[in-house]
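Reader: I should be grateful for a close look at a single part of this model, set within the chain as a whole. Please begin with the part itself and then work outwards.

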Amino acid sequence: MAQPPREPAVAGLLLAAGGGRRLGGRPKALLEHRGRPLVEHAVRVLREGGCGPVHVVLGAAADRVRKEADLSGCVLVDNPEWEEGMSSSLRAGLESLATTAADAALVSLVDQPGIGAAAVARVRAAYRSRDSLAAAAYRGERGHPVLFGAHRWKDIAASAVGDRGARAYLKAHESSLVLIECGDIAEAYDIDTAEDLAHLE
């Protein structure tokens, strides 16, 4: 009897290395949200949205994050070059996934607590093959999370520079990119400045 096709493995890749330069150097992963470090909330969102395994890229205050946040069950990836920007974290994370059986990576950012499990699940559901390329959209504007099929990881890593992440790759492959509207279930604000801290609960 033929084996039923296996459920695709969509790994969660959380970029949590930022040093919070505009927040007076407070590492974003350790900002408090609902009584716990923000990084714990972001991991839970990925899991509840159906992602696994979850790889977390750490940079600023990585030792403190390991001590103060409960990241059990996650693969923790150190990015010593985190000050170079988001691209270095994306490269480190994709590299850590390259040796796994994951069919795709769903990439999210630690400083976007307005994006919950419903948006993650919606973007995850856009997986079709290891060539899949999809992103959440908010009123038609591309945002996070972003889904990268495993066949694309090498080229994405090669094109990622500075603080732009996969922006250049996504622009160059716009015709293949599936936008999944999430503006009805999530808010895509970032926690970047002292004023933004009001979004934390």
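Author: In this predicted model, serine 87 has a relative accessibility of 1% and therefore counts as buried, the limit for that class being under 20%. Serine 87 belongs to helix H3, which covers residues 86-97. Setting aside residues up to four places away in sequence, the partners that serine 87 touches are Ala160, Val161, Gly162, Asp163, Arg164 and Gly165.

A second buried position is alanine 60, with a relative accessible area of 6%. Alanine 60 sits in the loop that runs between strand S4 (54-58) and helix H2 (62-68). Its contacts, apart from neighbours within four places in sequence, are Ala17, Gly18, Gly19, Pro27, Val65 and Trp82. With proline 27, the C-alpha to C-alpha distance from alanine 60 is 5.9 Å, although 33 residues separate the two in sequence.

The next residue to consider is alanine 61, which is also placed in the loop between S4 and H2. At 30% relative accessibility, alanine 61 counts as partly exposed. The backbone deserves attention here: alanine 61 is not a glycine, yet its phi is positive, near 50 degrees. Most residues other than glycine have a negative phi, and most peptide bonds are trans. Arginine 139 likewise has a positive phi, of about 50 degrees, without being a glycine. Arginine 139 is found in the loop between strand S7 (133-138) and S8, and at 69% relative accessibility it counts as exposed.

The peptide bonds offer two further points of detail. Glycine 52 and proline 53 are joined by a cis peptide bond, with omega at about 0 degrees; proline 53 lies in the loop between helix H1 (38-48) and S4. A cis bond also leads from histidine 144 to proline 145, where omega is near 0 degrees. Proline 145 is part of strand S8, residues 141-149.

The cysteines may be taken next. With a disulfide defined as a pair of cysteine sulfur atoms within 2.5 Å, the count is zero. Cysteine 74 is in no disulfide, and the nearest cysteine sulfur, that of cysteine 51, is 12 Å away. Cysteine 74 counts as buried because its relative accessibility is 14%. For cysteine 182, the closest cysteine sulfur is again that of cysteine 51, at 12 Å, which is too far for a bond. Cysteine 182 is buried, with a relative accessible area of 0%.

It remains to place these details within the chain. The protein chain contains six helices and nine strands. Its radius of gyration is 16 Å, close to the 17 Å that the globule rule gives for 201 residues, so the chain is as compact as a globular protein of that length. Along the principal axes, the C-alpha atoms fill a box of roughly 55 × 35 × 30 Å. Buried residues account for 52% of the 201 residues. Of the contacts between residues at least 6 apart in sequence, 70% join residues at least 24 apart. The chain exposes about 9900 Å², of which carbon and sulfur atoms supply 49%. Finally, the chain has 24 positive and 27 negative charges, and the mean positions of the two sets are 3 Å apart.

Methods
Residues are numbered from 1 along each chain as its sequence is written. This is a predicted model: local features need pLDDT of at least 70, side-chain atom pairs count only at pLDDT 80 or more; totals for chains, interfaces and linings use all residues. Side-chain values use heavy atoms; hydrogens and water are left out. Helices (H or I, at least four residues) and strands (E, at least two) are DSSP runs, numbered from the N terminus. The radius of gyration is taken over C-alpha atoms; the globule rule is 2.2 Å times the number of residues to the power 0.38. Buried means under 20% relative accessible area, exposed over 50%, partly exposed in between (1.4 Å probe, protein chains only). Contact means heavy atoms within 4.5 Å. Accessible areas come from the Shrake-Rupley method with a 1.4 Å probe; for residues, only the protein chains shown count as cover. Lys and Arg count as positive and Asp and Glu as negative; His and the chain ends are not counted. The place of a charge is taken as NZ of Lys, CZ of Arg, CG of Asp or CD of Glu.
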